[in-house]
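User: I'm new to reading protein models. Could you take me on a close look at one part of this one, and explain the terms as you go?

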Amino acid sequence: AARNWLATGSFYLPRQLHGPYQIEIGDVLYPPTALWVLVPFTVLPLLLWWVLPLGITALVILRWRPSILVWPLMAAGLAFPDSPYMILRGTPTIWLVAVVASALRWRWPGALVLLKPSLLPLALIGIRSRGWWIAFGVLAVATLPLLGLLPEWLAAVADGQGKSGLLYSAKDLPIVLVPVFAWLGRTTGRRLPEGFDSAG
């Protein structure tokens, strides 16, 4: 998708831009801002696409030392039918898992969940921290050069059919929630991140 954008200026497949279509594997439903993550990997070693998000997620979870009580929930999230496919295929969802883990650890990355707006509630992690708002501002500024692609993105999302509409990301939730389960069962660093305190 990123190579197609570099070559043609369009991030979305032609069949996504001409009225209703059936969503299939390979269709692009991410907002244009995702290009800031995708384009570097047209030149970076491909292996980093997996190593970075999976490594970040593993390191954060290991630091929490989650209780054995949440291991079945984490295992269920990883064993959910679509989860192994997402990991092996390297879908961008593996990056969102790392973003959620990082947001629970450092707060500010929560704003980056907005790269997949269908997972909006998880973007609220850390929203009360100054870092979250700085990250949101950077994301907004990064969107400005890509504003011309927003109508295409809206058309691609609005016209896509066959995957429960706006709920097409529901299949991502089991794997995305793995770091949430780990955080809930953590045995170290019990302080709540801002935005999830008792007053909120």
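Analyst: Happily! A residue is buried when its relative accessible area is under 20%, exposed when that is over 50%, and partly exposed in between (1.4 Å probe, protein chains only). Ser10 has a relative accessible area of 14%, so Ser10 is buried. This is a predicted model, where local features need pLDDT of at least 70, side-chain atom pairs count only at pLDDT 80 or more, and totals for chains, interfaces and linings use all residues. Residues are numbered from 1 along each chain as its sequence is written, and side-chain values use heavy atoms, without hydrogens or water.

Where is Ser10? Find the loop between α1 (2-8) and β1 (21-22); helices (H or I, at least four residues) and strands (E, at least two) are DSSP runs numbered from the N terminus. If you skip its neighbours within four places in sequence, Ser10 is in contact (heavy atoms within 4.5 Å) with Asn4, Trp5, Leu17 and Glu152. Of these, Asn4 and Trp5 have numbers that fall in α1 (2-8).

For contrast, look at Ile68, in the loop between α3 (48-64) and α4 (71-79). Ile68 has 58% relative accessibility, so it counts as exposed. Ile68 also helps to make a nonpolar surface patch of about 390 Å², together with Leu69 and Trp71. Such a patch joins nonpolar side chains (Val, Leu, Ile, Met, Phe, Trp, Tyr) within 5 Å, from residues with over 30% relative accessible area and no salt bridge, which is a Lys or Arg side-chain nitrogen within 4 Å of an Asp or Glu carboxyl oxygen. The areas come from the Shrake-Rupley method with a 1.4 Å probe. So Ser10 is buried, while Ile68 is exposed.

How values were computed
Patch = residues over 30% accessible without salt bridge, like charges linked within 9 Å, V, L, I, M, F, W, Y side chains within 5 Å.
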